[in-house]
Amino acid sequence: MAAKEKTQNGFVETIKTIVYALLIAGVFRTLFFQPFWIPSGSMKETLLIGDFLFVNKMAYGYSYASCPSIPLIGLDAKKLCGFIDGDNTRIWSGEPQRGDVVVFRHPVSGTDFIKRLVGLPGDTVQVRNGVVFLNGAAVPQEPAGNFIEEFDLQGPQGLRPRCGNGPTGVGADCLKERFVETFPDGSSHVVLNVGNQGANSPDNTGVYQVPEGQFFFMGDNRDNSSDSRLAQVAGGVGFVPYENLIGRADRIMFSSAGRSMLFFWTWRGDRFFKRVE
């Protein structure tokens with residue numbers, strides 16, 4: 001009898017431990033940091049497919065978007081945190097800075113995106129021949145050689161990169177022009193260019209006036225990014241409300257170049273704990 005009770009007590013304690021661990025993980029994820037895998041090449045070379053990072057939610061405070069969605073039980077962020085939804089507000093809010101790499105919730109689809117913050121409220125943004133103009137002034141781009149990667153399937157989705165050196169065979173070098181772009185505050189980052197796409201394209205846009213309480217985002221891999229240059233109705237992101245920001249990407253924790261993180265021979269050790277700039 002005593003042995004049976006001991007077994008039952010051990011089982012109950014195990015269940016309690018699992019429940020407590022899940023609760024702690026849920027609180028940690030909701031309040032402080034959210035894990036995020038890089039699924040596409042829109043932020044190369046800053047972020048590569050297979051990079052894993054934690055998003056700092058404390059950087060900008062909290063809104064409904066700070067809550068995780070749980071599709072398996074039919075809960076989305078607005079159902080969980082609807083009490084802080086509305087009027088584009090946040091609690092314990094912090095101000096995003098131009099150049100921040102930000103994870104945000106798409107205003108229409110609700111999908112999580114990661115891009116670089118380019119336009120602040122009140123800014124005008126335009127792209128001419130691949131060069132960003134902020135408030136009428138060109139953002140300088142200095143040539144920095146080529147970004148070289150292997151032309152092959154990348155990540156779990158098996159995506160192939162776009163190349164600036166024309167069609168290439170599997171295993172060949174895929175090249176993109178590389179530039180160092182410097183914002184007016186002096187912060188710099190690398191952007192990639194496949195080639196000028198001509199008029200009426202993301203390389204040549206009209207002038208965008210960023211509304212109050214909203215932001216304008218672009219991917220660093222400029223010719224392979226669905227971002228604020230395209231309206232939401234055209235499959236892009238458009239302007240992103242303040243309340244849709246989830247957090248800032250500060251540091252890569254882990255990175256794998258393979259189709260699965262279990263393929264240890266594809267791990268990129270040089271990217272572990274790398275700062276996102």
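This is a short walk through the structure, one selection at a time.

**Whole chain**

Start with everything shown as cartoon, and keep in mind that this is a predicted model. You should find 2 helices and 15 strands. Colour by burial next: of the 277 residues, 43% count as buried. Switch on the surface and you have about 14200 Å² exposed, with carbon and sulfur atoms supplying 60% of that area. If you like contact maps, take the contacts between residues at least 6 apart in sequence: 63% of them join residues at least 24 apart.

**Residues 33–37 and 51–56**

Now select β1, residues 33–37, together with β2, residues 51–56. The two run antiparallel, and 5 bridges join them. For a landmark, show Gln34 and look across to Val55 in β2, which stands opposite. β2 is mostly covered, with 5 of its 6 residues buried.

Stay on β2 and add β14, residues 245–255. This pair is antiparallel too, joined by 6 bridges. Val55 is handy again here, since Ala249 in β14 stands opposite Val55. So one residue, Val55, lets you step from Gln34 in β1 to Ala249 in β14.

**Trp37 and its patch**

Go back to β1 and pick Trp37, which lies in that strand. Is Trp37 buried or partly exposed? Its relative accessibility is 38%, so Trp37 counts as partly exposed; the buried class stops under 20% and the exposed class begins over 50%. Now add Met261, Leu262, Phe263, Phe264, Trp265 and Trp267: with Trp37 they form a nonpolar patch on the surface. Together these residues have about 830 Å² of accessible area.

**Residues 101–119**

Next stop: β3, residues 101–105, and β4, residues 112–119. They make a hairpin with 6 residues between the strands. Zoom in on Gly110 in the turn, where phi is positive, at about 80 degrees. Along the strands, 5 bridges hold the antiparallel pair, and Phe104 has Phe113 in β4 as its bridge partner. Like β2, β4 is mostly covered: 7 of its 8 residues are buried.

From β4, bring in β12, residues 214–218. Here 3 bridges join the strands, again antiparallel. To find the join, show Gly119 and its bridge partner in β12, Phe216.

**A four-stranded open sheet**

Hide that and select the sheet whose order reads β7-β6-β5-β11; it is open, with antiparallel pairing. Its edge strands are β7 (137–138) and β11 (208–209), each pairing on one side only. Inside the sheet, β5 (residues 124–128) and β6 (residues 131–134) share 4 bridges in the antiparallel sense. Pick Gln126 and you'll see that its bridge partner in β6 is Phe133.

**A three-stranded open sheet**

Last, select the open sheet of 3 strands in the order β8-β9-β10, paired antiparallel. Which strands stand at the edges? They are β8 (141–150) and β10 (188–193); each has a single partner strand, so one side of each has no neighbour in the sheet. Turn the view to look along the strands: the twist averages 35 degrees from one strand to the next. β8 and β9 (residues 173–182) are antiparallel and joined by 8 bridges. Finish by showing Ile148, with Leu175 of β9 standing opposite.

Technical notes
Residues numbered from 1 in each chain as written. Predicted model: local features only at pLDDT ≥ 70, side-chain atom pairs only at ≥ 80, totals over all residues. Heavy atoms only, no water. Pairing = 2+ DSSP bridges. Axes fitted to C-alpha atoms, helices over the stretch in contact; angles between N-to-C directions. Patch = residues over 30% accessible without salt bridge, like charges linked within 9 Å, V, L, I, M, F, W, Y side chains within 5 Å. Areas by Shrake-Rupley, 256 points an atom, 1.4 Å probe, with all protein chains shown as cover. Salt bridge = Lys/Arg side-chain N within 4 Å of Asp/Glu carboxyl O. Buried < 20%, exposed > 50% of the residue type's maximum accessible area, 1.4 Å probe, protein only. Contact = heavy atoms within 4.5 Å.
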